[in-house]
Amino acid sequence: MKKEIGKSAEDYLESMVILMEQNGYVRSVDIAAHLGVTKPSVSIAMKRLREEGYIEMDRAGSIVVTEKGKEIADKIYARHKLITSYFVALGVTPDVAEEDACRIEHDISDETFNALCRHIEESDILNKTKKD
């Protein structure tokens, strides 16, 4: 049976992937700033993620997301980007779309997300809004 990972852990992993894309490295202090949490909270989360095999720490203190962690982070981040874009295409302001996508990305089932993807693809709504 596949072990469930919590929303908080998903947020941490997703933020690490985003920070890696932006900076080329990930540090605890950057995660704290990105998520708006305290450094001690990040330390506790990093310990748990390391113990569960989602991340590793190198000698310089940089955080490296393992393949196991990257698989989860990429899934959540892809959902986040698609849902945000969809909401913006519907006329939601980018800030609100971003916040709502962050809440939905964790709870939406694979079945519903896949149906949303099919709808977006069939309606071509994301491309239509770019042309307008």
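Which residue takes a positive phi just after α4? Hold that thought for a second, because I'll use it as my way in. It's Gly91, with a phi of about 105 degrees. Keep in mind that this is a predicted model.

Okay, the overall picture. The protein chain has seven helices and two strands. Going from the N terminus, the order is α-α-α-β-β-α-α-α-α. The C-alpha atoms fill a box of roughly 50 × 35 × 20 Å along the principal axes. There are 132 residues in the chain, and 36% of them are buried. On the outside, we have about 8,400 Å² of accessible surface, with carbon and sulfur atoms holding 53% of that. And for contacts with a separation of 6 or more, 53% are between residues 24 or more positions apart.

Let's start at the N-terminal end, with Tyr12. This residue sits in helix α1. Is Tyr12 buried or exposed? Buried: its relative accessible area is 6%, and the cut-off for calling something buried is under 20%. Leaving aside residues up to four places away in sequence, Tyr12 touches Ile31, Leu35, Val37, Ser41, Val42, Ala45, Met46 and Leu49. One distance to go with that: from Tyr12 to His34 is 22 residues along the chain, and their C-alpha atoms are separated by 9.5 Å.

Ile31 brings us to α2, which covers residues 28–35. Which residues of α2 are buried? Asp30, Ile31 and Ala32. Their cover includes α1, α3 and β2. After α2 comes Gly36, another glycine to look at, with a positive phi near 70 degrees.

Now the second largest pocket. Its volume is about 180 Å³. The lining is 13 residues, and those closest to the centre are Met20, Val26, Ile63, Val64 and Val65. Which element gives the largest share of that lining? That's α1, with four residues. Both α1, residues 7–23, and β2, residues 63–65, supply at least two residues each. By type, the lining splits into eight nonpolar, two polar and three charged residues.

Next, helix α4, residues 67–89, where I ran a little sanity check on the geometry. How far should its 23 residues span? At 1.5 Å a residue, the expected figure is 33 Å, and the end C-alpha atoms are 32 Å apart, so the two agree. Then, just after the helix, we're back at Gly91 and that positive phi of about 105 degrees.

Past the glycine is α5, residues 94–107, and the residue I'd pick out there is Glu98. Glu98 is partly exposed, at 39% relative accessible area; that falls between the 20% and 50% cut-offs. What does Glu98 touch, apart from residues up to four places away in sequence? His80 and Thr84. Both of those belong to the 67–89 stretch, if you want to find them on the screen. As for Leu82, Glu98 is 16 residues from it in sequence and 10 Å away in space, C-alpha to C-alpha.

So, two residues to take back to your own viewers. Tyr12 in α1 is buried at 6%, with Ile31 of the α2 core among its contacts. Glu98 in α5 is partly exposed at 39%, with His80 and Thr84 as its contacts beyond four places in sequence. That's my lot, thanks.

Conventions:
Residues are numbered from 1 along each chain as its sequence is written. This is a predicted model: local features need pLDDT of at least 70, side-chain atom pairs count only at pLDDT 80 or more; totals for chains, interfaces and linings use all residues. Side-chain values use heavy atoms; hydrogens and water are left out. On a 1 Å grid over the protein atoms alone, a cavity is a set of points where a 1.4 Å probe fits but cannot get out, and a pocket is an open set with protein on both sides within 12 Å along at least five of seven lines; lining residues have an atom within 4 Å of a point. Grid points are joined across faces, edges and corners, and a volume is the space filled by probe spheres set on the points. Ala, Val, Leu, Ile, Met, Phe, Trp, Tyr, Cys and Pro count as nonpolar, Asp, Glu, Lys and Arg as charged, and the others, Gly among them, as polar. Buried means under 20% relative accessible area, exposed over 50%, partly exposed in between (1.4 Å probe, protein chains only). Contact means heavy atoms within 4.5 Å. Accessible areas come from the Shrake-Rupley method with a 1.4 Å probe; for residues, only the protein chains shown count as cover. The expected span of a helix is 1.5 Å times one less than its number of residues.
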